[in-house]
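Me: I have some labels to check, and I'd like to see how each one follows from its cut-off. Shall we start once the structure is up?

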Amino acid sequence: MTSKKQKWIGVGVTVMFLSITVTFVYIHLQKQALEEAIVSFDQQQVEQILDRPFIEAEEQWMDLAYYYHNTASVISLYEAGLPLESEEWIKIADTSSVDEFQKMIELGAPLDVKQNDRLLIEGLYGMNDDPEKWLIAHEQLPYSYWVKYPQLLQIMVTEGNTNAFEDMIRRMKPEDIPYDEVVPLILRAYQPQMLTVLREKGYTLTTQDIAYAKELNVQIK
């Protein structure tokens, strides 16, 4: 091998080494910048870094975004392919805005999840939540879901969410509505509008219902 060839081989090795080193430093700095962007809620920076070459989403970033309640970054990282634990997704679904919730659903986040027997949708029925979120869930979940979890109607009654209750009753078949469990709860919670919704669906008050209402001093029109 001539000295000239050896020289060019040496140059090539040096260039390759420098290229690898620069790439390594570049990736390291980008990762640092992304973590800082998550903590500072700089969403534009988060999205820009995730779109840059050689940057692959890492699970610790999702943990960081979740820890800081940075829902926008959680969504970007989810879109980049990182998973969300059921517990984390349930919390995000409960605290996110309508637009953020809708985005997660569009990205394929499941609605039929639960953690410690608590269904995701239960957190959407609180009166302080945006009604559009439970409406999105009502429209997306299959009918079999409501047949499987009839107790959700009871949760709506307990939360006093008449709009959600009315919407769900409108969607359900009369034979699938657990009247025996729901009607006494409605009477105890004194939710006359919900009772009206059931009667408009075709339910007829039983003598037991009327007697129980009388016991509770609930006026039935």
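Reply: Sure. Start with the cut-offs for exposure: buried means under 20% relative accessible area, exposed means over 50%, and partly exposed is what lies in between. Keep in mind that this is a predicted model.

Me: Then why is Tyr-67 called exposed?

Reply: Its relative accessible area is 61%, and the label exposed needs over 50%. So Tyr-67 counts as exposed.

Me: And what makes Tyr-68 partly exposed?

Reply: Tyr-68 comes out at 33%. Buried would need under 20% and exposed over 50%, so Tyr-68 is partly exposed.

Me: Why is the pair of Tyr-67 and Tyr-68 called edge-to-face?

Reply: A pair of aromatic rings is described by the distance of the centres and the angle of the planes. Rings pair if their centres lie within 6.5 Å, and planes over 60 degrees apart count as edge-to-face. For Tyr-67 and Tyr-68 the centres are 5.2 Å apart and the planes stand at 80°, so the pair is edge-to-face. The structure holds five aromatic pairs.

Me: What makes Trp-89 and Phe-101 a stacked pair?

Reply: Stacked needs planes under 30 degrees apart. Here the planes are at 15° and the centres 6.0 Å apart, so the pair of Trp-89 and Phe-101 is stacked. Trp-89 belongs to helix α5 (residues 86-95) and Phe-101 to helix α6 (residues 98-106), so the pair ties together parts that are 12 residues apart in sequence.

Me: How do you know whether Trp-89 is buried or exposed?

Reply: Buried means under 20%, and Trp-89 has a relative accessible area of 3%, so Trp-89 is buried. Phe-101 has 0% relative accessibility, so Phe-101 counts as buried too. Elsewhere, ring pairs link Tyr-145, Trp-146 and Tyr-149 into a cluster.

Me: On to helices. How are α9 and α10 oriented, and why?

Reply: Two packed helices are described by the angle between their axes and the distance between the axes. The axes of α9 (residues 151-159) and α10 (residues 162-171) come within 8 Å and cross at roughly 155°. Angles over 145 degrees count as roughly antiparallel, and that makes α9 roughly antiparallel to α10. The crossing is left-handed.

Me: Which residues make the contact between α9 and α10?

Reply: On the α9 side, Leu-153, Met-156 and Val-157; on the α10 side, Ala-164, Phe-165, Met-168 and Ile-169. By class, that contact has seven nonpolar residues, no polar and no charged ones.

Me: What makes α4 mostly covered?

Reply: Seven of the nine residues in α4 are buried. They are Thr-71, Ser-73, Val-74, Ile-75, Ser-76, Leu-77 and Tyr-78. Just after α4, Gly-81 takes a positive phi of about 110°.

Me: How do you know that Thr-71 is buried?

Reply: Thr-71 has a relative accessible area of 10%, and buried means under 20%. So Thr-71 is buried. Thr-71 lies in helix α4 (residues 71-79). Leaving aside neighbours within four places in sequence, Thr-71 is in contact with Ile-92, Ser-96 and Glu-100.

Me: Why is Leu-195 called buried?

Reply: The relative accessible area of Leu-195 is 7%, so Leu-195 is buried. Leu-195 sits in helix α12 (residues 192-200). Setting aside neighbours within four places in sequence, its contacts are Val-183, Ile-186, Leu-187, Leu-205 and Ile-220. The C-alpha atoms of Leu-195 and Val-182 are separated by 9.3 Å, with the two residues 13 apart along the chain.

Me: Which helices do the buried residues of α11 pack against?

Reply: They pack against α9, α10, α12 and α13 (207-215). Buried residues of α11 (residues 179-189) include Tyr-179, Val-182 and Pro-184. Just after α11, Tyr-190 has a positive phi of about 50°.

Me: What about the loops: why is Phe-41 partly exposed?

Reply: Phe-41 is at 46% relative accessibility, so Phe-41 counts as partly exposed. Phe-41 is in the loop between α1 (3-39) and α2 (43-50). Its phi is near 60°, a positive value in a residue other than glycine.

Me: And what makes Asp-117 exposed?

Reply: Asp-117 has a relative accessible area of 65%, so Asp-117 is exposed. Asp-117 is in the loop between β1 (114-115) and β2 (118-119), and its phi is near 70°, a positive value in a residue other than glycine.

Methods. Residues are numbered from 1 along each chain as its sequence is written. This is a predicted model: local features need pLDDT of at least 70, side-chain atom pairs count only at pLDDT 80 or more; totals for chains, interfaces and linings use all residues. Side-chain values use heavy atoms; hydrogens and water are left out. Axes are lines fitted to C-alpha atoms, for helices over the stretch in contact, and angles run from 0 to 180 degrees between N-to-C directions. Helices (H or I, at least four residues) and strands (E, at least two) are DSSP runs, numbered from the N terminus. Angles under 35 degrees count as roughly parallel, over 145 as roughly antiparallel, 65 to 115 as roughly perpendicular and the rest as oblique. A crossing is left-handed if the near helix is turned anticlockwise from the far one by less than a right angle, and right-handed if clockwise. Contact means heavy atoms within 4.5 Å. Ala, Val, Leu, Ile, Met, Phe, Trp, Tyr, Cys and Pro count as nonpolar, Asp, Glu, Lys and Arg as charged, and the others, Gly among them, as polar. Buried means under 20% relative accessible area, exposed over 50%, partly exposed in between (1.4 Å probe, protein chains only).
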